[in-house]
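Colleague: I've just opened this one and could use a guide. Can we go through it as questions and answers?

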Amino acid sequence: MSSVLIVGSTALDSIKTPVAENPRMLGGSASHAAIAASYFSLVRMVGVVGEDFPKSYLQLYKRRRIDLEGLQIVPGKTFHWSGEYEANMNNRRTLATELGVFENFTPALPVSYQGTAFVLLANIAPSLQHHVLDQTLRPKFVVADTMDLWLNIALADLLKLLKRVDGFVLNDSEAQQLTQEDNVFNALRKIHQLGPKFVIVKQGSHGSILSSPEGIFLCPAYPVRNLVDPTGAGDSFVGAMMGYLSTARGSIEKNIRQAMAYGSVVASFCCEGCGVTRTARLTRAQIESRMKELRELTRF
Ligand code: AMP
């Protein structure tokens with residue numbers, strides 16, 4: 001079976017939305033992405049947690065058959081992020097970011113991970129994304145994700161990273177910040193000039209836009225009616241996309257649209273539960289059923 005290597009944050013999230021409030025749930029960009037990818041391929045995860053990380057969360061990764069050889073468990077506290085959403089859930093505020101064991105984290109790639117063909121550098125400091133990439137052996141397809149924080153405090157590292165990756169995923173406000181362009185299509189063109197061949201701008205409930213050598217693709221979002229907690233939707237999107245791509249036969253160009261549609265579907269499930277509760281308990285049949293609906297909804 002094919003596999004995807006995923007590095008990112010492995011976190012405890014305390015999140016307040018208008019309909020739910022939960023402390024110290026399993027979270028982090030790598031956790032969301034790995035769980036989403038696990039419905040399509042084997043996942044090799046790289047991250048770090050402290051000794052306070054609940055055993056039940058480790059078991060949840062294992063239930064999804066995520067390879068944990070690259071997950072370090074070290075003395076200290078697990079990365080903790082807390083955030084609060086506004087009434088419409090489009091905007092959120094970070095209340096606290098406690099780096100804990102991420103402060104001194106140096107990812108060491110197990111030998112068994114080094115030749116992985118598909119690599120997802122999920123949201124984490126660009127210096128750590130570089131460090132993981134340095135230890136891989138000629139991967140076939142590398143995608144990086146990021147967040148506004150790194151545009152603000154680690155832009156030089158991020159720009160260097162963009163010269164090393166095939167794909168780059170970011171949300172529309174980040175694309176605007178990076179390029180100083182209000183028009184998303186102009187922003188996409190400018191981001192290509194920074195390096196990546198495939199650029200995806202996520203627009204939350206409005207879907208996402210891919211720009212690649214084949215042109216533009218508008219990927220719809222699945223309509224979510226029961227929105228509970230959108231945290232991790234972006235990570236689930238890119239995780240599912242990479243999981244599907246790693247198993248699909250043929251070129252990236254041929255498969256990426258279908259892969260993004262899978263990303264939309266898994267992200268929609270993510271929004272319907274707190275943290276990973278909904279995405280950790282899916283079946284492939286449920287995913288396929290929403291894929292069918294999405295196809296019908298956008299056929300004309
Ligand atoms: P998303 O909703 O897709 O933007 O991802 C939310 C996830 O990002 C949460 O599970 C957080 O734990 C994680 N996160 C928040 N801040 C950071 C950060 N500075 N570095 C890495 N991950 C973060």
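Colleague: Let's start with R290: does this residue count as buried or exposed, and what is the relative accessibility?

Modeller: Keep in mind that this is a predicted model. Buried means under 20% relative accessible area. R290 falls under that cut-off, so R290 counts as buried, at a relative accessibility of 11%.

Colleague: Which side chain meets R290 in a salt bridge?

Modeller: Look for a carboxyl group: the N to O distance in this salt bridge is 3.0 Å. R290 sits in helix α10 (284-297), while the partner is in the loop between α9 (252-271) and α10, so the pair ties together parts that are 18 residues apart in sequence. The partner is buried too, with a relative accessible area of 16%. The residue you want is E272.

Colleague: Which residues are joined into one network by salt bridges that share partners?

Modeller: Start from E84, which forms a salt bridge with R93, with the closest N and O atoms 3.2 Å apart. E84 counts as partly exposed, at 23% relative accessibility. Follow the shared partners and the network is K16, E84 and R93.

Colleague: How many residues apart in sequence are the parts that D134 and R164 tie together?

Modeller: The side chains of D134 and R164 meet in a salt bridge, 2.9 Å from N to O. D134 lies in helix α3 (residues 126-134) and R164 in the loop between α5 (155-162) and β10, so the parts tied together are 30 residues apart in sequence.

Colleague: And how many salt bridges are there in the whole structure?

Modeller: We've met a few of them, including the one between D134 and R164 and the one between E272 and R290. A search of the whole structure gives a total of 11.

Colleague: Now the strands. Which residues of β11 point the opposite way from F198, I200 and K202?

Modeller: In a regular strand the side chains alternate between the two faces of the sheet, so you can step along and swap sides each time. Strand β11 covers residues 198-202, and five of its five residues are buried. F198, I200 and K202 point one way, and the residues pointing the other way are V199 and V201.

Colleague: Which residue in β12 stands opposite I200?

Modeller: I200 has a bridge partner in the other neighbouring strand as well: V169. Strand β10 (residues 167-171) pairs with β11 in the parallel sense over five bridges. On the β12 side, four bridges join β11 to β12 (residues 208-212), and these two run antiparallel. There, the residue opposite I200 is L210.

Colleague: Which residue takes a positive phi in the hairpin of β11 and β12?

Modeller: The hairpin has five residues between the strands, so that's the stretch to look at. The phi you're after is near 55°, and the residue is G204.

Colleague: What is the relative accessibility of Q180, and where is Q180 found?

Modeller: Q180 has a positive phi near 60°, in a residue other than glycine. R65 has a positive phi of about 60° too, and is not a glycine either; R65 is found in the loop between α2 (55-63) and β5 (66-74). Q180 is found in the loop between α6 (172-179) and α7 (184-193). Exposed means over 50%, so Q180 counts as exposed, at 66%.

Colleague: Which residues form the nonpolar patch on the surface?

Modeller: One member is L218, in strand β13 (residues 215-219). L218 is exposed, with a relative accessible area of 55%. Together the patch has about 300 Å² of accessible area, and its members are F185, I216 and L218.

Colleague: Last one, the ligand. What share of its area does the protein bury?

Modeller: The ligand is surrounded by 17 residues, and S9, D13, G28, G232 and D235 are the closest. Oxygen atoms of the ligand lie 2.4 Å from a side-chain N or O atom of D13, 2.9 Å from one of R92 and 2.7 Å from a backbone N or O atom of G232. Taken alone the ligand exposes 510 Å², and the share buried by the protein is 90%.

Conventions:
Residues are numbered from 1 along each chain as its sequence is written. This is a predicted model: local features need pLDDT of at least 70, side-chain atom pairs count only at pLDDT 80 or more; totals for chains, interfaces and linings use all residues. Side-chain values use heavy atoms; hydrogens and water are left out. Buried means under 20% relative accessible area, exposed over 50%, partly exposed in between (1.4 Å probe, protein chains only). Patches are made of residues with over 30% relative accessible area and no salt bridge: like charges are joined within 9 Å, nonpolar side chains (Val, Leu, Ile, Met, Phe, Trp, Tyr) within 5 Å. Accessible areas come from the Shrake-Rupley method with a 1.4 Å probe; for residues, only the protein chains shown count as cover. A salt bridge is a side-chain nitrogen of Lys or Arg within 4 Å of a carboxyl oxygen of Asp or Glu. A residue is near a molecule or strand if one of its heavy atoms lies within 4 Å of it. A polar contact is a pair of N or O atoms within 3.5 Å; within protein, one must be able to donate a hydrogen and the other to accept it, and residues adjacent in sequence count only if both atoms are side-chain atoms.
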